[in-house]
Structure formats: C-alpha cells, structure tokens
Amino acid sequence: MNAVVFAAVIGVGIGLVVGALGAGGGILSVPVLVFVLGMAPHDATGASLVVVGLTAIVALRHPAKQGNVRWREGLTFGAVAIVGAALASRLSLFVPERALMLSFGALLLVVAIVMARRAYTTRLDENVKERGPTLAGQPSEPEPQPSWLALVLAASATGLLTGFFGVGGGFLAVPMLVIALGLPMRAASGTSLLVMIMTSAAALLARIGTPTHIDWPSVLIFAAGTVLGGMAGGPLSAKARPSSLTALFAVLLAGVGVLTLATA
C-alpha cells in the first residue's frame, strides 16, 4: 500500500480518538509523519500542527451543537496557551533531531501512564453510575473551585508542548480544564478542541520564515483521514465507554513510545 494512503488510513483512527476523547489523538501525528511518511522530525512537528488544527476544527462541530464547548473559558485558556506555543515552536528548531525524538518518545510514555490512570478512574465513575442513582440524603461531591493560577500554569504548559512537539496538547488541556475551571468532563473535552485550534495555529504561524518544510500534498491527504475520523469520533463518544477508548489509546501510546525510543 502506498505510504501516503496508509498514513491516511491511520489518520482516520487518529481522528476518531480526537473526536471521541477531545484529546490525545494528535500526539500520534508526529510518529506517523516520521515513520510512515519519512519526514524529518522538525518538519514533522510543523506538519503535525496542520493536521491537529484541521482535525480539531472539524471535530469541534459535534460538541458545539451539544452545548459542550465553553467558549469563554476556552478562549481564555487558549489566549494564555498561544504565547507558549509560539515561543516553543521557535525553540524546538534549535534542538538536535535525535534529542527531539528521544524526548518525544519519553513524552509518549508519560502520556500513556496519564491516560491509563484516567481510564481507571473513569471506569470507577462509570461503575458507580451503573449501580443506580445516589441514595436520597447522601451528600453530593462539592463542585471544584476555579483556580486561575492553575489555569495559567496549565495553559502555558499546553502551549509549550504544542509548539515544541507539534501535538495538540489536549491530553493536558482536558484534565486541567476540569481541575482548574471545574468543567464537567464532556465540556472539558469539547472545549479542549477550541484550545487545540488556537495553539496549533499560533505555533504554525510562528514557524513562518524558518527552515521548516511542509510537504503539503502528503500532509493534506493524511489530514483528510484524520478529519473523516474526527467527524465520526464525536457521535462515537456517545456510544462507546470513554474508559475503554482511553485505555486502548493508552496502550497504543505506550507501544508507539517504545518504538520511538528504540529507533531514535
């Protein structure tokens, strides 16, 4: 199978993850661009920003229609994040390619652990809900109080990761939107797509005038696959167990992380 067509097929799977979870799928774009399409790591991180941004734009439609995008909070989070995204996008060009891939492989393993832990806690919540409604008179859990310091720190970290590695940063944005702003999980997942659009655009614009080369035909074909997956991913999230999707994604991340470290 032609490498570009194979990449597009993989892109459909990545888009499904982005649409269903609102996070995480974009982190697989760089390995696909490097190992399947043979791009140089620095070029792949730039091209990944195109893929992440286009996929998030399309995937945003479903949660927006469902009322699961908090526009004010997302724009605030994204406004802080784009500063780090633009800065890190420039800084990554000074990092040797092997060091960039080694650090990216390590990031994949860290995210795999985070996603596995999230899958476990999500499954516990699902099991509680399946047992039936809470007993009358039982005190409900207090709503998390927004923390603007946590918001600034999380948004800055999201932007730095987006610009440096060319990833969407949604895997960090989703839990931090829950913790820092107290958003429900579905609202955080939808809002993270808005953040991904803003940070990927800022990081891509920051690379104008740099030696980064983007193979537009190959990247757009790959992006077409992720966009198709993103369109289907939103409805999928309403049918599949979020914990199962997250657990499968954690396993995939761990495998790609080991591969990246072994071949860097």
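Contact here means that heavy atoms lie within 4.5 Å. In this predicted model, residues 24 or more positions apart account for 85% of the contacts in the protein chain with a separation of 6 or more.

**Figure 1. The protein chain as a whole is built from helices.** The chain holds 11 helices and zero strands. Followed along the sequence, its pattern is α-α-α-α-α-α-α-α-α-α-α. The protein chain has 264 residues, and 51% of them count as buried.

**Figure 2. Phe104 and Phe165 form a tilted aromatic pair.** Searching the whole structure gives two aromatic pairs. A pair of aromatic rings is described by the distance of the centres and the angle of the planes. For Phe104 and Phe165 the ring centres are 5.6 Å apart and the planes stand at 55°. That angle is neither under 30 degrees nor over 60, so the pair is tilted. Phe104 belongs to helix α6 (residues 97–130) and Phe165 to helix α7 (residues 148–165), so the pair ties together parts that are 61 residues apart in sequence. Are the two residues of this pair buried or exposed? Phe104 has a relative accessible area of 2% and is buried. Phe165 is buried too, at 8% relative accessibility.

**Figure 3. Phe164 and Phe165 form an edge-to-face aromatic pair.** Between Phe164 and Phe165 the centre-to-centre distance is 4.9 Å, with 75° between the planes. Phe164 has a relative accessible area of 21%, which makes Phe164 partly exposed. The cut-off for buried is under 20%, so Phe164 at 21% does not count as buried. Phe104, Phe164 and Phe165 together make up one aromatic cluster.

**Figure 4. Phe104 sits in the largest nonpolar core.** This core has 37 residues, and those touching the most other members are Ile27, Phe104, Leu107, Phe171 and Leu253. Two or more residues each come from α1 (3–21), α2 (29–36), α3 (41–59), α6, α7, α10 and α11 (242–263). Which element gives the most to this core? Helix α6 does, with eight residues. Apart from neighbours within four places in sequence, Phe104 is in contact with Ile27, Val30, Pro31, Phe165 and Val167. A second, separate core has 16 residues, among them Met176, Leu181, Leu183 and Ala187.

**Figure 5. Arg72 and Glu73 form a salt bridge.** Two salt bridges turn up in a search of the whole structure. In the one between Arg72 and Glu73, the closest N and O atoms are 3.8 Å apart. Arg72 counts as exposed, at 60% relative accessibility. Glu73, by contrast, is buried, with a relative accessible area of 17%.

**Figure 6. Glu126 and Arg123 form a salt bridge within helix α6.** The closest N and O atoms of Glu126 and Arg123 are 3.3 Å apart. Both residues lie in helix α6, three residues apart, which is about one turn of the helix. Glu126 is buried, at a relative accessible area of 13%. Arg123 counts as partly exposed, at 31% relative accessibility.

**Figure 7. Arg207 is buried yet has no salt bridge.** Arg207 is placed in the loop between α9 (185–206) and α10. How far away is the nearest side chain of opposite charge? That side chain is Asp43, 6.7 Å from Arg207. A salt bridge needs the atoms to be within 4 Å, so Asp43 at 6.7 Å does not form one with Arg207. What the Arg207 side chain does reach is the backbone oxygen of His42, at 3.2 Å. The side chain of Arg207 also makes a polar contact with the side chain of Ser89, at 2.8 Å. Not counting residues up to four places away in sequence, Arg207 touches several residues, including Thr45, Gly46, Leu49, Ser92, Leu93 and Phe164.

**Figure 8. Gly225 is a buried glycine in helix α10.** Helix α10 spans residues 216–237 and contains Gly225. With a relative accessibility of 4%, Gly225 counts as buried. Leaving out residues up to four places away in sequence, Gly225 touches Ala8, Gly11 and Val12. The C-alpha atoms of Gly225 and Val5 are separated by 9.0 Å, although the two residues are 220 residues apart along the chain.

How values were computed. Residues numbered from 1 in each chain as written. Predicted model: local features only at pLDDT ≥ 70, side-chain atom pairs only at ≥ 80, totals over all residues. Heavy atoms only, no water. Phe/Tyr/Trp six-rings, centres within 6.5 Å; stacked < 30°, edge-to-face > 60°. Helix = DSSP H or I, 4+ residues; strand = E, 2+ residues; numbered from the N terminus. Buried < 20%, exposed > 50% of the residue type's maximum accessible area, 1.4 Å probe, protein only. Core = buried A, V, L, I, M, F, W, Y, C linked by side-chain atoms within 4.5 Å. Lys, Arg positive; Asp, Glu negative; His and termini not counted. Polar contact = N/O pair within 3.5 Å; in protein donor to acceptor, adjacent residues only side chain to side chain.
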